[in-house]
Amino acid sequence: MSTHPDLPDTLVHFAGRPRRQGEEPPDFACGTAEDRMVSILHSGVLRGARDYWADAPVLCVSEVTETARRAMLRDGVGGRGPYEPWGVVLDRQKLIQAGARPVLYLSKEEMDQTEMLPRRLRNRRVRYDPGYSDWLHEREWRLCFEEGQIPEVAVTRELVVGVIVGTPNWLPPPRTAAAEEVAADLHAGVQSLGPSWSR
């Protein structure tokens with residue numbers, strides 16, 4: 001249980017969020033939210049990417065309560081429409097242990113004044129200007145990576161406590177492997193049998 005009764009024990013990594021008309025998603029968010037959910041499940045990792053205001057990869061999660069989550073999925077917030085019902089529900093304590101922390105909501109002036117912060121702190125900043133840039137409803141947290149660090153977090157049973165899917169009884173399609181991956185697995189299997197099998 002959280003030490004604060006009004007805070008959830010889980011955080012959500014949404015596979016897609018609504019955008020204003022004409023707002024283009026960043027490169028890492030191309031494809032549908034369902035496509036990204038399938039990618040997470042097939043790869044077994046959550047991947048960070050450069051997001052708004054970040055100069056190195058970050059993994060974004062939301063600290064919304066169950067009630068707020070349902071409202072975001074049903075009605076949306078801020079005139080952007082509902083969130084797409086695809087996401088991974090994660091254990092709060094495991095994310096904290098991995099280094100995730102709440103973002104810093106700052107005005108444009110404060111963003112300019114904090115440019116010299118160390119990268120991990122700097123990349124936790126999110127611009128907040130009511131009526132223009134307002135994402136407070138997400139109660140965002142970020143896990144910030146350094147440039148050159150592999151921006152991935154393994155999807156484990158301890159970390160993932162649930163999923164949000166947009167279709168009843170949905171299952172991801174079977175994972176298909178590339179020819180190179182099949183050959184590498186076969187080679188590794190033969191090697192594990194010992195010298196007499198590797199000729």
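Arg124 counts as buried, because its relative accessibility is 17% (buried means under 20% relative accessible area, exposed over 50%, and partly exposed in between, using a 1.4 Å probe and protein chains only). You'll find Arg124 in the loop between helix H5 (119-122) and strand E7 (125-127). Helices and strands here are DSSP runs numbered from the N terminus: helices are H or I with at least four residues, strands are E with at least two. This is a predicted model, where local features need pLDDT of at least 70 and side-chain atom pairs count only at pLDDT 80 or more, while totals for chains, interfaces and linings use all residues. Residues are numbered from 1 along each chain as its sequence is written, and side-chain values use heavy atoms, with hydrogens and water left out.

So who sits around Arg124? Not counting residues up to four places away in sequence, Arg124 touches Arg101, Pro102, Val103, Leu104, Arg142 and Cys144 (a contact means heavy atoms within 4.5 Å). With Pro102 there is also some polar detail: a polar atom of the Arg124 side chain lies 3.0 Å from the backbone oxygen of Pro102. Tyr105 is 19 residues from Arg124 in sequence, and their C-alpha atoms are 8.6 Å apart in space.

**Other buried residues**

Arg69 is another arginine to look up, and it lies in helix H2 (residues 66-74). Arg69 counts as buried because its relative accessibility is 9%. Leaving aside neighbours within four places in sequence, Arg69 is in contact with Thr10, Val12, Phe14, Val64, Val89 and Ile164.

Now try Ser62, in strand E3 (residues 58-62). Ser62 has a relative accessibility of 3%, so it counts as buried. Its contacts, again without neighbours within four places, are Leu11, Val12, Phe14, Glu138 and Arg139.

Helix H1 (residues 33-43) has buried residues too: Ala33, Arg36, Met37, Val38 and Ile40. Why might a helix bury residues at such spacings? An α-helix has 3.6 residues a turn, so residues three or four places apart point the same way. The cover over the buried residues of H1 includes strand E1 (10-14), strand E2 (45-47), strand E4 (87-91) and strand E10 (160-164).

**Positive phi angles**

Some residues have a positive phi, and here they are side by side.

| Residue | Phi | Where |
|---|---|---|
| Gly44 | about 75° | just after H1 |
| Arg139 | about 45° | loop between E7 and strand E8 (140-144) |
| Asn169 | near 60° | loop between E10 and helix H6 (179-192) |

Arg139 has its positive phi although it is not a glycine, and Asn169 is likewise a residue other than glycine. Is Asn169 buried or exposed? Asn169 counts as exposed, because its relative accessibility is 78%. Arg139 has a relative accessible area of 29%, so it is partly exposed.

**Arg17 and the cavity**

Arg17 is found in the loop between E1 and H1. Arg17 counts as buried because its relative accessibility is 19%. Apart from neighbours within four places in sequence, Arg17 is in contact with Tyr52, Tyr83, Trp135 and Glu138. Gly76 is 59 residues from Arg17 along the chain, yet their C-alpha atoms are separated by 9.4 Å.

Arg17 also helps line the largest cavity, together with Asp51, Tyr52, Trp53, Val126, Trp135, Glu140 and Arg142. On a 1 Å grid over the protein atoms alone, a cavity is a set of points where a 1.4 Å probe fits but cannot get out, and lining residues have an atom within 4 Å of a point. How many cavities of 30 Å³ or more does the structure hold? The structure holds one, and about 50 Å³ of space lies in the largest cavity. A volume is the space filled by probe spheres set on the points, with grid points joined across faces, edges and corners. By class, the lining has four nonpolar, no polar and four charged residues. Ala, Val, Leu, Ile, Met, Phe, Trp, Tyr, Cys and Pro count as nonpolar, Asp, Glu, Lys and Arg as charged, and the others, Gly among them, as polar.

**The whole chain**

Stepping back, the chain has six helices and 10 strands. Buried residues make up 36% of its 199 residues. Of the contacts between residues at least 6 apart in sequence, 72% join residues at least 24 apart. The chain exposes about 12,000 Å², and carbon and sulfur atoms supply 55% of that (areas come from the Shrake-Rupley method with a 1.4 Å probe; for residues, only the protein chains shown count as cover).

Note on methods
1 Å grid on protein atoms, 1.4 Å probe; cavity = no way out; pocket = protein on both sides within 12 Å on 5 of 7 lines; lining within 4 Å. Polar contact = N/O pair within 3.5 Å; in protein donor to acceptor, adjacent residues only side chain to side chain.
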